[in-house]
Amino acid sequence: MAKLLLIEDDAATAEEVLGDLRGRGHEVAWAATGPEGATAARTGSWNAIILDRMLPGLDGLTLLRDLRGAGDRTPALVLSALGDVDERIHGLRAGGDDYLGKPFVLAELAARIEALLRRPTDTRETVLRVGTLELDLISGTGRRGLRDLDLLPRELKLLEYLMRRPGQVVTRAMMFEEVWNYRFTPKSNLIDVHVGRLRRKLEVGGEPILIHNVRGEGFTLTPDV
Amino acid sequence: MSRLTRSFAFRWALGIALWSTLLSLVLFAFVYWQTAAFLQDELSQVLRHEVRYAASDPSKVGARIETWVSEDLHSVHFAGLFSPDGRKLAGNLDARPQALPLDGEVHRIGTQVAIAGRRLHEDLWSAGIALSDGSIVVVAHDTDEIDRAQATVIRALGLALGPTLAFSILGGVLLAGRAKRRLASTEAAVARVMHGDLRQRLPVGTAGDEFDRLAQNVNGMLDEIERLVEEVRGVGDAVAHDLRTPLTRLRLRLERGREQARDIDELREAVDQGLVWIDQTLEMVTAVLRIGEIEHGRRCAAFGPVDLGVVVSEAAELFEPLAEEKGIVLALDVEGTMPVIEGDCSLIFEAVSNLLDNAIKFTPMNGQVRVGLGRRGDLSVVSVEDTGPGIPTAEREQVFRRFYRAERARQTQGNGLGLGLVAAIAKLHGFSLAVTEGSGGGCRMEILCPATHPR
């Protein structure tokens, strides 16, 4: 349950986003123009702000830059119809914490908002534990219970990413961006194949399932105990 | 009228006429000047000679000037011998022309003469000399003859000027008309192009002159424009066509779900299927837009040094599980030290991924896909080779065109945009692409990257 501000000029898009996020239990306010959004962002207290790149009256990036200039560090996600990488870079440079190109899937937005809300994860930890799963980042070894896991470097990174977000839905695009560090939507069922391979190493012979496929959204790692 | 004066043909005709008239005038003036000078010179010599001859022997002066006068049949010779006190001693001049200097040179002098008993005022070319005893001898010649000759030349000039002008104008009109006819056909062709007929071409003559070369260049330009327009039209048609199919399916599925679903799960199933089709459709639209963005070179902010070895290895690693699932061996062969190139790492990764995705898609079970990175001269060569059906030579040129799907690829899933994206990314980076036959009979795709980026 978080307090969110949506600054988006297209009423139909706003309605869907509001409906979806409220359905997920968030409290969401909506501003339709740049100036309105700027006022709301300054006066209210928000857990996260979702803002469109192009807004009537005041450009979304200018708004964000002003906000950051005033010392406001509220997590912000920039939405844009301009999906290209340059735009993304501009969005992040202006102080955005994440960037999502239109058209987007509601589940993708929700998952990214969730990720923003749960930050900061303590990145100084060197041993991660989720249920019976244990990952030593220094030695690069993983164990489930007493069983040693034989993991490839990329599988280690993937598992680390999931273990830092237990119980949280992460989308394929998020994994691809964070684990592989490339920014485009991978085709086929590439990510699924990688997750599937990891699962076969984690869940051997009737062990309880750790990585769940959330239909239409992504994957989530849940503790087994 | 203003259209006529603005016409370059009219101005040409006028210009040519004026120029040739001017040339004629100069020529005539020269002829006139030369003729007059020649006649004048001739006469002066005769007169100078005569007066000296007459004066050379004082005892025969009278007889000699009488001979000069009598030689003349047309009453144009005049002469006189005058005593020092001005009395006429011989000749047909009544009085000594007072204005005539006695230097033996020829001067034009007006004086009174008697011709056929009548006294007339005449202009004479005259030369006079004073003898030692103080008497004066004058020899003269009428000016009319030379004046007439000069008048004749001027008349000839006047008479010839009309026809010269007429012929010049005619020549100008003919020349300009020829150019204008050529221009008119070109103009007509351009007008048809402007009205949307891009198949129209400018007429090219056989002379190979500047005009023909210009027409050839314009035609080349039109070829390129036509090709681009065709491509845009093709893309538009292909997008519309590829959108209609999933949208039709979607509509039918939703309609059927709405009518026939007996419970919420069945309805959800219909909606889920619909969402899948919508995602595919959006994916295609996004791909088209991305190709557009990349082609317009609007993304260079992410350019930086790229280690092709890392990109190729990571792409291979990304696809390895997928290949394994299909029982395909994915072999990686990367040369040790490769030059670092300038580019957008993410885009190059995407291009290599697309090639790999295709290779795995078209390679049958238990086949092999080889990813390589090597050097060929100054070029770094990224290659992806499969043991699939390969691409017929005739189709190799076309595979990088948007929406092109080889006949054999029709059955597999895809939107025909993958290689179009690869082509756009290659173009942005100044890379070139090559399609050849792989050693295993399949297809070999190469991205050829120059060592130093031309940017």
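Me: In chain A, which element has the lowest confidence, and which has the highest?
Reply: Happy to start there, since this is a predicted model. Chain A has an average pLDDT of 88, and 95% of its residues score at least 70. Helix H4 (residues 85–93) of chain A sits at the low end with a mean of 76. At the high end, with 95, is strand S2 (residues 27–31) of chain A.

Me: What percentage of the residues of chain A count as buried?
Reply: Chain A is built with eight helices and eleven strands. Among its contacts between residues at least 6 apart in sequence, 57% join residues at least 24 apart. Of the 225 residues in chain A, the share that counts as buried is 33%.

Me: Is A:Asn181 buried or exposed?
Reply: A good one to look at, as A:Asn181 has a positive phi of about 65° without being a glycine. Most residues other than glycine have a negative phi. A:Asn181 is found in the loop between helix H7 (172–180) and helix H8 (190–202) of chain A. Because 12 other C-beta atoms lie within 10 Å, A:Asn181 is exposed.

Me: And where does B:Asn366 lie?
Reply: B:Asn366 is not a glycine, yet its phi is positive, at about 65°. B:Asn366 has 10 other C-beta atoms within 10 Å, so it is exposed. Its place is in chain B, in the loop between helix H8 (345–362) and strand S9 (368–376).

Me: Is B:Val306 buried or exposed?
Reply: B:Val306 belongs to strand S6 (residues 303–306) of chain B. Leaving aside neighbours within four places in sequence, its contacts include B:Val311, B:Val340, B:Ile341 and B:Ile348. With 21 C-beta neighbours inside 10 Å, and 20 or more being the cut-off, B:Val306 is therefore buried.

Me: What separates the C-alpha atoms of B:Val306 and B:Pro339?
Reply: Along the chain, B:Val306 and B:Pro339 are 33 residues apart. B:Val306 is also in contact with B:Val340, beyond its neighbours within four places in sequence. For the C-alpha atoms of B:Val306 and B:Pro339, the separation is 9.1 Å.

Me: Which residues touch the most other members of the largest nonpolar core?
Reply: That core holds 100 residues, and H8(B) gives the most to it, with eleven. Apart from it lies another core, of 25 residues, including B:Ile65 and B:Val138. Leaving aside neighbours within four places in sequence, B:Val352 is in contact with B:Val311, B:Val312, B:Ala315 and B:Val382. The residues of the largest core that touch the most other members are B:Val352 and B:Ile425.

Definitions and conventions:
Residues numbered from 1 in each chain as written. Chains lettered and ligands numbered in written order. Predicted model: local features only at pLDDT ≥ 70, side-chain atom pairs only at ≥ 80, totals over all residues. Helix = DSSP H or I, 4+ residues; strand = E, 2+ residues; numbered from the N terminus. Contact = placed C-beta atoms within 7 Å. pLDDT = per-residue confidence, 0-100. Core = buried A, V, L, I, M, F, W, Y, C linked by C-beta atoms within 7 Å.
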